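This briefing summarises the features of one protein model for a structural reader. The points below are grouped by topic and may be read alongside the display.

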Amino acid sequence: MNDIDAWVWWLVGAAALGIPLVVTAMPEFGMFAVGAVAAAVVSSLGFDAVIQVLTFVVVSVALIAVVRPIAARHGRQRPQLATGIEALKGRQAVVLERVDGAGGRIKLAGEVWSARALDNGRAYEVGQEVDVVDIEGATAIVI
């Protein structure tokens, strides 16, 4: 075991940290793996164990301190382009058959949809424009 250079052990450690990264999808393991690769580079340059460990710690902590907040911020953002039913919310539609709390039909984005009024006491007549506030299954909820 003494014949194996320290940089090889750091690369083995980086690979070992890559396994839980893939299994758990926790990016922190990837950041630790990058720290281990940095320590392997420092080791291959001939620096002693203390410098190698410090490099591992500094690079890993720096990545976690910088990358995690950026990733968290991007994770909270809504998609720029709404697709599917999300793209239909907020659009206007034309009533084809009287819409009330029990149901009716509208033309939404060129297609005929079943619809019902958000307010059960409200009714919309044929030809009236309504706004889609939600989609429940295949039914548009309108106001």
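Beyond its neighbours within four places in sequence, serine 60 is in contact with Met31, Phe32 and Gly35. The model is a predicted one, and in it serine 60 belongs to helix 3. With a relative accessible area of 1%, serine 60 falls under the 20% limit and is therefore buried.

**Helix 3 and its packing**

- Serine 60 is accompanied by other buried residues of helix 3, since Gln52, Thr55 and Ser60 are each buried.
- The buried residues of helix 3 pack against two elements, helix 1 (6–24) and helix 2 (27–44).
- Helix 3 comprises 28 residues (49–76); at 1.5 Å a residue a span of 40 Å is expected, and the end C-alpha atoms are indeed 40 Å apart, so the two values agree.
- A bend of about 25 degrees occurs in helix 3 at valine 67, and proline 69 follows within four residues.

**Annotated transmembrane regions**

- The unreviewed UniProt entry lists residues 6–23 and 53–71 under "transmembrane region".
- In the model, residues 6–23 are 100% helix and 0% strand, with end C-alpha atoms 26 Å apart.
- Residues 53–71 are likewise 100% helix and 0% strand, and their end C-alpha atoms also lie 26 Å apart.

**The annotated C-terminal domain**

- Residues 86–142 carry the UniProt annotation "domain: NfeD-like C-terminal", again from an unreviewed entry.
- Over residues 86–142 the chain is 60% strand and 5% helix, and the end C-alpha atoms are separated by 14 Å.

**The barrel and its strand pairs**

- Five strands form a closed barrel in the order 1-2-3-5-4, with mixed pairing. Neighbouring strands of this sheet are turned against each other by 50 degrees on average, direction ignored.
- Strand 1 (residues 92–100) pairs with strand 2 (residues 103–108) in the antiparallel sense, over four bridges. Within this part of the sheet, aspartate 100 has glycine 103 of strand 2 as its bridge partner.
- Strand 3 (residues 111–117) and strand 5 (residues 139–142) are parallel and are joined by four bridges. Here the bridge partner of serine 114 is threonine 139 in strand 5.
- Strand 4 (residues 129–136) runs antiparallel to strand 5, and four bridges join them. Threonine 139 in strand 5 stands opposite glutamate 136.
- A hairpin is formed by strand 4 and strand 5, with two residues between them. Glycine 137, in the turn, has a positive phi of about 65 degrees.

**Positive phi outside glycine**

- Alanine 25 has a phi near 60 degrees, a positive value in a residue other than glycine. Alanine 25 is placed in the loop between helix 1 and helix 2. Its relative accessibility of 62% is over the 50% limit, so alanine 25 counts as exposed.
- Alanine 109 has a phi near 55 degrees, which is again positive in a residue other than glycine. Alanine 109 is found in the loop between strand 2 and strand 3. At 41% relative accessibility, alanine 109 counts as partly exposed, because partly exposed residues fall between the limits of 20% and 50%.

Definitions and conventions: Residues are numbered from 1 along each chain as its sequence is written. This is a predicted model: local features need pLDDT of at least 70, side-chain atom pairs count only at pLDDT 80 or more; totals for chains, interfaces and linings use all residues. Side-chain values use heavy atoms; hydrogens and water are left out. UniProt positions are given in the numbering used here, feature names are shortened, and annotations may be inferred rather than shown by experiment. Two strands pair if DSSP finds at least two bridges between them. Axes are lines fitted to C-alpha atoms, for helices over the stretch in contact, and angles run from 0 to 180 degrees between N-to-C directions. The expected span of a helix is 1.5 Å times one less than its number of residues. The bend at a residue is the angle between axes fitted to the seven residues ending there and the seven starting there. Buried means under 20% relative accessible area, exposed over 50%, partly exposed in between (1.4 Å probe, protein chains only). Contact means heavy atoms within 4.5 Å.
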